[in-house]
Amino acid sequence: MKAKTILRRGPALALVVAGMFAASMLTGAQAQTKQTIEHFTATAVNVTGAPDPLKIDLLRWSTDAEREQLLSVWSDKGEKEFAAALSKAPSLGYLWTSESAGYSVRYAYRTSMPDGSQRLIVATDKPLGSWNPQIWKPTGSAKANDYPFAVIELRLKQRGIGEGKSSLFAKVTADKAAKTIALDNYPAAQVVLKDVK
């Protein structure tokens, strides 16, 4: 009787094991497609939480169509509509600070500069400090912008080290030559991130 029961359960057990194996293979394949393609680290400066560590993990860059659509919304409809469009954009990665939660990166673009350096622009659909406002307040007499999102522009020299500035201090603009949103008058803006790698 026991032998008959085991024989009847054998095919069912094999089916369950095969299903578990297939599910684990699918999960592994999904994990491989969600790997980080770029990783940046930096330290916050000129804000109340400095020196706060910051990490950006990108899963992919914005497509040309995604970039052009957000640039068009910013140029034609303004800040409010841009914020709404940004919140509906797919998550391209994550930005992490010492706050309790991270931020979804909704825009990510990279271009090379004439001197060989790299210019990277990322945007999140929430301003930095959304989870802990005490960390991302300006120090001294600097006045912060009140955008409902964050735009960060990183400039990396040829050896891959640089600085970053953000929409906390700089105005957001449309850089029509580079076909991207960007920070207005980047050279004059206050540094927010140092030791960017």
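What pattern of helices and strands does the chain follow when read along the sequence? In this predicted model, the chain runs as α-β-β-α-α-β-β-β-β-β-β-β-β from start to end, and the elements amount to 3 helices and 10 strands.

**Overall burial and surface**

Of the 197 residues of the chain, 39% count as buried, while the accessible surface comes to about 11,200 Å², with 56% of that area belonging to carbon and sulfur atoms. Among the contacts between residues at least 6 apart in sequence, 61% join residues at least 24 apart.

**The nonpolar cores**

In soluble globular proteins, nonpolar side chains tend to be buried together. The largest nonpolar core of this model holds 27 residues, and the members that touch the most other members are Ile56, Leu58, Leu95, Val105, Trp136, Leu154 and Leu193. Two or more residues of this core are given by each of strand 1 (38–44), strand 2 (53–58), strand 4 (103–112), strand 5 (118–124), strand 6 (150–156) and strand 10 (193–196), and the largest share, 4 residues, comes from strand 6. Apart from this core lies another one, of 22 residues, which has Phe82, Ala83, Tyr107 and Tyr147 among its members.

Leu58 offers a closer view of the largest core, being one of the residues there that touch the most other members. When neighbours within four places in sequence are left aside, Leu58 is in contact with Gln35, Thr36, Ile37, Glu38 and Phe40, with Leu92 and Gly93, and also with Val105, Ala108 and Val122.

**The largest pocket**

The largest pocket encloses about 260 Å³ of space and is lined by 17 residues, with Pro127, Leu128, Trp136, Asn145 and Leu168 lying nearest its centre. By class, the lining consists of 11 nonpolar, 4 polar and 2 charged residues. Trp136 links two parts of this description, as this residue is among those nearest the centre of the pocket and is also listed among the core members that touch the most others.

**Individual residues and backbone features**

Three residues with their location and accessibility are set out below.

| Residue | Location | Relative accessibility |
|---|---|---|
| Asn46 | loop between strand 1 and strand 2 | 30%, partly exposed |
| Lys179 | loop between strand 8 (172–175) and strand 9 (180–183) | 48%, partly exposed |
| Ser112 | strand 4 | 52%, exposed |

Why does Ser112 count as exposed? The cut-off for this class is a relative accessible area over 50%, and Ser112 counts as exposed because its relative accessibility is 52%. Not counting residues up to four places away in sequence, Ser112 touches Ser117 and Gln118. The C-alpha atoms of Ser112 and Arg155 are separated by 9.8 Å, although these two residues stand 43 residues apart along the chain.

Two loop residues have backbone angles that deserve a separate note. Phi of Asn46 is near 60°, a positive value in a residue other than glycine, and Lys179, which is not a glycine either, has a positive phi of about 55°. The loop between strand 1 and strand 2, where Asn46 is found, also holds Pro51. A cis peptide bond joins Ala50 and Pro51, with omega at about 0°.

Definitions and conventions: Residues are numbered from 1 along each chain as its sequence is written. This is a predicted model: local features need pLDDT of at least 70, side-chain atom pairs count only at pLDDT 80 or more; totals for chains, interfaces and linings use all residues. Side-chain values use heavy atoms; hydrogens and water are left out. On a 1 Å grid over the protein atoms alone, a cavity is a set of points where a 1.4 Å probe fits but cannot get out, and a pocket is an open set with protein on both sides within 12 Å along at least five of seven lines; lining residues have an atom within 4 Å of a point. Grid points are joined across faces, edges and corners, and a volume is the space filled by probe spheres set on the points. Ala, Val, Leu, Ile, Met, Phe, Trp, Tyr, Cys and Pro count as nonpolar, Asp, Glu, Lys and Arg as charged, and the others, Gly among them, as polar. Buried means under 20% relative accessible area, exposed over 50%, partly exposed in between (1.4 Å probe, protein chains only). Contact means heavy atoms within 4.5 Å. Accessible areas come from the Shrake-Rupley method with a 1.4 Å probe; for residues, only the protein chains shown count as cover. A nonpolar core is a set of buried Ala, Val, Leu, Ile, Met, Phe, Trp, Tyr and Cys residues joined through side-chain atoms within 4.5 Å.
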